[in-house]
Each structure stands twice: as C-alpha cells, then as structure tokens.
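Student: Could you take me through one part of this structure closely, the sheet and what packs on it? I would like the definitions spelled out as you go.

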Amino acid sequence: MRHHNSVFHDLVKRVPWAKFDRLVVAHKADHRIRRLSTKSQFLALLYGQLAGAVSLRDVECGLRSHADRLYHVGGVTVPRSTLADANSTRPSAVFSELFAQMVAQAQRGLRRAVGDAVYLIDSTGIRLSGLGSQWARFSAKTCGAKVHVVYDPDADRPIYAAVTAANVNDITPAQAMPIEAGATYVFDLGYYDYSWWAQMDRAGCRIVTRFKTRTRLTVTAELAVPEEDGAILSDRIGLLPSRQAKSRKNPFQAPVREIRLKTPTGKVLRILSNDLDTSAQEIADLYKRRWAIELFFRWVKQTLKIRHFLGTSENAVRIQIAVALIAFLLLRLAQAAQKAVQSPLAFARLVRANLMHRRRIDKLITGPPPPPPPSPQM
C-alpha cells in the first residue's frame, strides 16, 4: 500500500522553511536556546491552532499522543511550561514577518491588472484577562487587544495584520499600513482622517468609505441618478470642509463624491469616494463588500483560536495571532489545491478531524482506497 504523510505534514510543507530559518537567524530567536527551538515552538502552536487546542495543556497532551508522527515534520513534544516561557520571551517578529512573506509569495500568484485590486480595512477586538495583560488594559475591569487587518476579498485572505491595545485609535496603525498604488481601499468610519485620505489619493488609490453625520459637503455638481434604481437617492460632487478640526487644516482639497443610498432596512447611508467617474451603483457595491471582512473575522474567531489565549503578555498574544493567521493562510492554500471540498468551514473541520492521520489532503472525505487482498500462497 502506498505510504501517505499526515495531513499536518501536508499543510506544513507549504511553509517556506528557508525564509523561516533566515528570520530566526536575523532576530537571534535561537540564540542561547537549548530546550525548545523556534521551529518546534512554531509547529506546536500551529498544531494547537489546527487541532482546536484551547490551553497549553491541550497542546502538550495532543503532541505527546502523536509523538511518533512529529519526527516527520521536524516537531517534538513540548512541556507546557517551556512553551509558555518561549511565548513570552521569543521575538514575535519572527512569526509576523513569516506571515507577511507567505502572503507576498501567495499574492505573486494572482495576476491582476493595475487598479483591479480591492482591499478591505477593518479591525476586531479581542478580550484579554490575567496578570500578564496589563499592556492592554483600558479600564479598571477591562482589557483587550485589537487586530487590524487589510483583507483581499478576491483571494479570500488577509494581506497585512497588526496588533495593538484596544484603546489605540484605528487610524494610528492604518497610517503605518503599506499602500498599493492604484488599488481600491474600502473602510468604515474608524478611519476618518483627511490627511490619510490625501496620502492615498496622491498614490492614485480609490477610496470608498462613509461620511460622518455632521460632515458637510460643498456641492459643485449634481449627477443624474437612474430612475429604475430606487436605492440610489442622489449622486453629487463637492468639496470637504476646509478643516477637519478647529486647529487642523484639511490637506485633502480634491473633489469627492457623495452617493446617498437607502438600505433594505430603510437606513440612509452617505458613501464617500474620490472616484468621480465610476457609476454610483458600482461604488455602492464596493462599499457593500465590507461585509466580507466581517465574515473573515467571524470565521477566524469560530474556527481558529484567538479567543482563548495561551498567554496574555503582549509578546504571547502577538505570536498567537500571527500563527493563527498563518494557519488560516495554510488552510486556504491547501483547499485551493483540491476540489473535493468547496466549503472553507467544512474543509477546516475535516482537517481538524484528520490532522494527524495519514491521509491525502484531497481525500479527506473519500479516504484512501482499501488495501489489495493478500495473494494466495502456494
């Protein structure tokens, strides 16, 4: 019978290990380390994400029960105290930069014309508890973190992520995000900053967001609205206020578009864009695509482990979130390599159920063929 590696082995083959080793050296992550290498730590945390482990004890017991199959992936059994120490002290940049490099490698396989890329920007909050989470405390009883993500809805994957304390304004990490010239960026009111918009406009980006209720538009032109489309109420071009605040002059003086539309629930939205030529319906449809990043956050929280943290220090949280995003990317890449399972959620569940079994990734439902009957002996 033909030998098959475990499903876990098949997934980790997609990790660029040469780049990982270079990151370990660059950040001196294994310097003077004798008990647990960075690679073994990464494989243990990745196993925990894919297996649905909710504690260090779960990770330790799961790895111990599959010790005979860890050798083939380069992993080892890990005492939970050793793993906890590594999570709190080892440079989180190794894992976050590995995720960034894997995203860049995957993006190179997407051939799109300049200007066709659409990216969604948003953040999600995560509650934390414990003595090590003081870095994220913003009230006497509550502490939490935020994950800020740039998401590609066409490729169904995040392309950038950053972690901050929950009391950091969304626009602060957004200003450090890489901007792709000519791309379309869709975001909500948390990123209401005229200076940032002006920077994106100078880069040739199309922005689609919402007006704040009190933001006035100095109208310079009224555009026709198709009569057959009752959802679009008005389409106007105008100028934003000369100041964003009393002490700040608005650097974004270019004309913008205001599209008023009525949602199925009767709510009226004012959509803002610097695209003066595209149809109002297309811009409205772009804003509706924001729902895709909400579904991404829901999927990650329900399927991977960023609700139960294996450590509450800032370093441990950053490492766990980076590994969770790497696990998401590996699942998407593995699913794209097979055609038997179309649902991402069903595929993730099948991977979890068969993680350490010797099964082909494209045979998670049908399973391997039965062994041939033994030949009769003379």
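Tutor: Happy to; here is the setting, then the sheet, its helices and one loop residue.

This is a predicted model, in which local features need pLDDT of at least 70 and side-chain atom pairs count only at pLDDT 80 or more, while totals for chains, interfaces and linings use all residues. Residues are numbered from 1 along each chain as its sequence is written, and side-chain values use heavy atoms, with hydrogens and water left out.

The protein has 13 helices and 11 strands; helices (H or I, at least four residues) and strands (E, at least two) are DSSP runs, numbered from the N terminus. Its C-alpha trace spans about 90 × 55 × 35 Å along the principal axes. Of the 378 residues, 49% are buried, meaning under 20% relative accessible area with a 1.4 Å probe and protein chains only.

Now to the sheet. It is open, has 9 strands with mixed pairing, and its order reads β3-β2-β1-β4-β5-β11-β10-β7-β6. Two strands pair if DSSP finds at least two bridges between them. The edge strands, each pairing on one side only, are β3 (157–165) and β6 (218–223). Neighbouring strands of this sheet are turned by 25° against each other on average, direction ignored. At the β6 edge, β6 pairs with β7 (residues 232–239) in the antiparallel sense over 5 bridges, and L223 has D235 in β7 as its bridge partner.

Towards the other edge, helix α7 (residues 93–107) lies across β1 (118–128), β2 (143–152) and β3, and runs at about 160° to β3. Helix α11 (residues 291–303) also packs on the sheet, where it touches β1, β2 and β3, and its direction makes about 35° with that of β1. Contact here means heavy atoms within 4.5 Å. For the angles, axes are lines fitted to C-alpha atoms, for helices over the stretch in contact, and values run from 0 to 180 degrees between N-to-C directions.

Finally, a loop that leads into one of the sheet strands: A254 sits between β9 (248–249) and β10 (256–262). Is A254 buried or exposed? Neither label fits, because its relative accessibility is 25% and A254 therefore counts as partly exposed, the class between buried and exposed, with exposed set at over 50%. Leaving aside residues up to four places away in sequence, A254 touches D201 and L239. A254 and L240 are 14 residues apart in sequence, and their C-alpha atoms are 8.3 Å apart in space.
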